[in-house]
Amino acid sequence: MRNITELDMYLFGQGTHYDIYKKMGAHAITVRKKEGVVFDVWAPHAAHVWVIGTFNNWDETSNEMERLEPLEMGIYELFVPGAKIGDLYKFLIETPDGKKLYKSDPFANFAEVRPGTASQVVDISDFKWTDKQWMDARAASDPYEKPMAIYEVHIGSWKRHPGREDEGFYSYREVAKSLTEYVKEMGYTHVELMGISEYPFDGSWGYQVTGYYAPTSRYGTPDDFAYLVNYLHKNKIGVILDWVPAHFPRDAHGLADFDGCPLYEYPDPRMGEHPDWGTKIFNYGMSEVKNFLIGSALMWIEHYHIDGLRVDAVASMLYLDYGKQDGQWVANKYGDNKNLDAIEFFKHINTVIIGRNPGAVMIAEESTAWPKVTGKVEEDGLNFSFKWNMGWMHDFLDYMKQDPLFRKGNHNKMTFAMSYNEAEKYILVLSHDEVVHLKCSMLNKMPGLGRDKFRNLLVGYAFFMGHPGKKLLFMGQDFAQLREWSEERELDWFLLAEDSHRQVQDFYRELLHIYRKYPAMYELDHSWEGFEWINANDGDRSIFSFVRKSKNGKRNLLFICNFTPVEREDYRVGVPTRGVYKLILSSDEERFGGTGKPRAASYKAVKSECDDRPYSFAYPLPAYGVAVFEYNDKTEKEK
């Protein structure tokens, strides 16, 4: 009895076997009342393939695999009686010229802990999910009209157990409780987990993957990982994974030259290699390779209930000349630099995942001005749900690094993103990439010394949270981590014993709770209907004022952000309508490290022109001051 049928092969060859992980790899089954494991591997260039492992004492000759008909497909299969859950294994591939390759299983669902490189037989079908309420609600929701405040987390360096002989990693089960408590208390809606797909080198942070179908064994088993996702869902927290289809490492046990020849990568090194990264590029024009990647994505979404994938390095896939010099790349059939295979791949995978899984999202880390990344396929878009707004991030950080004296000359960097806000569905990101490799932590990017750094960070975070777009912040930055991030140690949680760091955390928590409480902050993110500048041109004073609007005109929010250390006791702001403006957040409160000067709880707009508006009110704006007011639109009838 064959495990892989002719229909399986046909679908795999077409790139449309969306449950391929249930067939390829290693699966415990019973054949003629004999328990064992069936192994399947795709190796079309191989002369012979054996499966070796703990079940046969790594004997290289005892378990040769059969090449299934049709032979040209190149799938090898073998049922090994007596092999069982927990056994380690590899594929021994003999190339046509007699070389022996010892390869991990590309479709393995688990692997031994590095530095070991063997795959491990595991059953991932037994976990009992209890998150139906979350999954049903997700399927019925529109992610564009829901809040999305993402906490980006690297499990291995979020927290660690002190004094242990091993690395002290929290397991998936241990981190479930601790992380959930923190995320709920802060007010984030989602976590984005870095480095979950299996990878050999800690220093790659999980961006050089060898196991696209396996949660890393550093933190536990596949069931442990499922427990983490299930636990977060039961606490109404979404889960996004980093996913890396852009490239893979050259490690001997991995996908590179898998059967002695380029298989998963383009055969032409000008297409199949990243010179700068030293990695291989997937062959997006090969149906089986596309199926391998699409199957991986679907497994994370459908089997592990992941709510979204953040697709890494999309630009490197779209451009044939990305990171390459002349002579290192090949133009497409039209003579330009667009990777037509990758374009088709994105349209395919995004349509399938979003179509099969309502409410799930696909997020592009795309750093260029490629058009219609989140556009519909019918309009020649790539059909991603969201795009990281890298342009906003660079402009924002460039502005924030400036001495306040020189910010007036860079005022447009804070307003420019709104000129293209409707072009895509954006997520504003302050990610791990911005706090490594001598880029400084968020706090140490800020100008000045001591208290000034903290006050700058507060006003920057307020602008970040108030600006249209979903949100992502990397761990540690919400309490003003001093040091750059390193995967080798836990965050500096001890800083929370200091008032200044605790005050930043309190302020960011308050911003998160306001974000979730007020639909004006998220339901019209991608439309001018949800945003209006009050004054975008106050460069001389480096003050920005704007409003965020709800669909029904109720509980709108007015933001005022002062990016200089100059107090403006006589500040007056124009407002959209008459009525009362209730102060809901002031960075000058003592609990946020401010002066604690008493302020009125509300302000009534009067008929006094300001900012080209007939109504306004005066507010004593402190140095580096942030003020957020709630108000309701007045209809003509009410007026």
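**Note on a predicted model: loops, sheets and cavities**

1. Pro70 sits in the loop between β4 (66–67) and β5 (75–81), and the peptide bond that leads into Pro70 from Glu69 is cis, with omega near -5 degrees. The model is a predicted one, and the angles discussed here are therefore those of a prediction, in which local features are taken up at pLDDT of at least 70. A cis peptide bond also joins Arg114 and Pro115, where omega is about 15 degrees; Pro115 is placed in the loop between β7 (100–103) and β8 (119–120).

2. Two residues with positive phi deserve a look on the backbone. Asn57, which is not a glycine, has a phi of about 55 degrees and belongs to the loop between β3 (48–53) and β4. Asp380, likewise a residue other than glycine, has a phi near 65 degrees and is found in the loop between β17 (361–364) and β18 (386–388). As to their surroundings, Asn57 is exposed, with a relative accessible area of 68%, and Asp380 also counts as exposed, at 53% relative accessibility.

3. Strand β9 (residues 149–153) is mostly covered, since five of its five residues are buried. Ala149, Tyr151 and Val153 point one way from the strand while Ile150 and Glu152 point the other way, and the burial applies to both sets; the charged side chain of Glu152 is thus among the buried residues of β9. In a regular strand the side chains alternate between the two faces of the sheet.

4. What are the pairing partners of β9, and in which sense does β9 pair with strand β20 (residues 470–474)? The pairing of β9 with β20 is parallel and extends over four bridges, with Ile150 standing opposite Leu472 in β20. With strand β10 (residues 190–193), β9 again pairs in the parallel sense over four bridges, and the bridge partner of Val153 in β10 is Leu193.

5. An open sheet of eight strands, with antiparallel pairing, follows the order β21-β22-β23-β28-β25-β26-β27-β24. The strands β21 (531–535) and β24 (572–575) stand at the edges, and each has a single partner strand, so one side of each is left without a neighbour in the sheet. From one strand to the next, the twist averages 35 degrees.

6. Within this sheet, β23 (556–562) is mostly covered, with seven of its seven residues buried. Both faces are involved: Asn556, Leu558, Ile560 and Asn562 are buried on one side, and Leu557, Phe559 and Cys561 are buried on the other. Six bridges join β22 and β23 in the antiparallel sense, and Cys561 of β23 is the bridge partner of Phe544. The pairing of β23 with β28 is antiparallel too and extends over six bridges, with Phe629 in β28 as the bridge partner of Leu558.

7. On the other side of β28 in the strand order comes β25. Strand β25 (residues 579–586) and strand β28 (residues 626–631) run antiparallel and are joined by four bridges, and in this pairing Lys582 stands opposite Glu630 of β28.

8. Two helices lie across strands of the sheet. Helix α13 (residues 451–466) lies across β21, β22 (543–548), β23 and β28, and runs at about 150 degrees to β23. Helix α14 (residues 499–517) lies across β23, β25 and β28, and runs at about 140 degrees to β25. The strands β23 and β28 thus appear in the list for α13 and again in the list for α14.

9. How many cavities of 30 Å³ or more does the model contain? The count comes to six. The largest has a volume of about 160 Å³ and is lined by 19 residues, of which Ala111, Thr117, Glu198, Thr210 and His253 lie nearest its centre. The lining of this largest cavity divides into eight nonpolar, seven polar and four charged residues.

10. The second largest cavity holds about 70 Å³ of space. Its lining consists of Tyr266, Met271, His274, Ile281, Ser316, Met317, Tyr319, Leu320, Tyr322, Lys324 and Asn339, and these residues divide into seven nonpolar, three polar and one charged.

Terms used: Residues numbered from 1 in each chain as written. Predicted model: local features only at pLDDT ≥ 70, side-chain atom pairs only at ≥ 80, totals over all residues. Heavy atoms only, no water. 1 Å grid on protein atoms, 1.4 Å probe; cavity = no way out; pocket = protein on both sides within 12 Å on 5 of 7 lines; lining within 4 Å. Points joined across faces, edges and corners; volume = space filled by probe spheres on them. Buried < 20%, exposed > 50% of the residue type's maximum accessible area, 1.4 Å probe, protein only. Pairing = 2+ DSSP bridges. Axes fitted to C-alpha atoms, helices over the stretch in contact; angles between N-to-C directions. Contact = heavy atoms within 4.5 Å.
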